[in-house]
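Visitor: Could you take one small part of this model and give me a close look at it, then walk me outwards from there?

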Amino acid sequence: MNRTRILRIVFTLLCLLMTTLTHAEKQPEAYKLYDNKGNVITYDQLIKSLSKVDVVFIGEIHNCTITHWLELKLLESLYKADKKKLKIGLEMFERDNQLILNEYLQGQITSDRFEDEVRLWPNYSTDYAPLISFARENHVPVIATNVPRRYATAVKEHSLAYLDSLSAEAKSYMAPLPIEYQENENAEQGFAMMGMLGKNKHSNARQIAEAQAIKDATMAWSIANNLQEKFVHFNGNFHSDGRNGIIPYLLKYKPGVSYAVVRAVRQEDISKLEDTFKGLADYYICVPEDMTTSY
């Protein structure tokens, strides 16, 4: 075979290879993990980092199925690292339901009774039941951290000052009064938009933000009073974005506590973290915008 023919064959093969690469479909990815600088990190790197702090905040997108799956995996991994030290808390459970939650975790009541008597979120069975089941099976304490929603509603309608008129028993379900309002620009902007929509269209934007503040303060108070060595808290991302929300209150109630924030984001392209999210968290779970949601 002469040299010219060999070169033609090589050229043809290269053309075929280039054509194949050009038309090859990019493999779909369910998520990517990033650090606060936008660098891709591995799952093991994330777990090692989270294992070093006292409190881990998982700022979720409430209807994101991949985030909820990863929440369970993170819980399983952190349990292996700190088996006897770990407690978890959830925004989705309110403090006046702690007794019922404990009774279920300890096997004293059935799942049917638990689900009938606790004010569960509509997506509990798909998104939060796996976390509770894991905690129940492994004897991990679960703390209902949030203020009863009726008191948050009262703040939305009347302002934080209204809480002074409540009974001592009612006040026992929230952070100590008076609540010093902490500015939270990310939340205020979001709630100002909410105030223009639906049932909130006649609400005062500041009072909506104050209602969020009583939730943040109460969740922080709950964490501070239950933190021994390791606490993982699951909350909507507004509650921990930019290290605001819960975190300033936690540092007030428990000075010197170490923490890390993980934030779920949805992007059209997850090959890199968008600049708009940088600075909101320490680590990111980046999920495609077209990923299935639970509602």
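Guide: Let's start at N184, which touches D216, F238, N244 and G245, leaving out residues up to four places away in sequence (touching, or contact, means heavy atoms within 4.5 Å). Before we go on, this is a predicted model, where local features need pLDDT of at least 70, side-chain atom pairs count only at pLDDT 80 or more, and totals for chains, interfaces and linings use all residues. Residues are numbered from 1 along each chain as its sequence is written, and side-chain values use heavy atoms, with hydrogens and water left out.

Back to N184. You'll find this residue in the loop between helix 8 (168–171) and helix 9 (185–194) (helices are DSSP runs of H or I with at least four residues, strands are E runs of at least two, and both are numbered from the N terminus). Is N184 buried or exposed? N184 is buried, at a relative accessible area of 6% (buried is under 20%, exposed over 50%, partly exposed in between, using a 1.4 Å probe and protein chains only). Look across to H239 as well: 55 residues separate N184 from H239 in sequence, while their C-alpha atoms sit 9.3 Å apart in space.

One partner of N184 is D216, so hop along to helix 10, which covers residues 205–226. T218 belongs to helix 10 too, and T218 is buried, with a relative accessible area of 0%. Setting aside residues up to four places away in sequence, T218 touches R95, T145, N146, V147, Y173, M174 and A175.

Helix 10 also has a helix for a partner. Helix 7 (residues 149–158) packs against helix 10 at an angle of about 150°, and their axes are 7 Å apart (axes are lines fitted to C-alpha atoms, for helices over the stretch in contact, and angles between N-to-C directions run from 0 to 180 degrees). That makes the two helices roughly antiparallel (over 145 degrees; under 35 is roughly parallel, 65 to 115 roughly perpendicular, and the rest oblique). On the helix 7 side the contact uses A152, V155, K156, E157 and H158, and these meet Q207, I208, E210, A211, I214 and K215 of helix 10. Sorted by type, the contact has 5 nonpolar, 2 polar and 4 charged residues (Ala, Val, Leu, Ile, Met, Phe, Trp, Tyr, Cys and Pro count as nonpolar, Asp, Glu, Lys and Arg as charged, and the others, Gly among them, as polar).

Now try F277, in the loop between strand 6 (259–267) and strand 7 (283–288). This residue is buried, at 14% relative accessible area. Ignoring neighbours within four places in sequence, F277 is in contact with R263, V265, R266, Q267 and Y284. G242 is 35 residues from F277 in sequence and 9.4 Å away in space, C-alpha to C-alpha.

Finally, zoom out. The chain has 11 helices and 7 strands, and buried residues make up 48% of its 295 residues. Among contacts with a separation of 6 or more, 74% join residues 24 or more positions apart.
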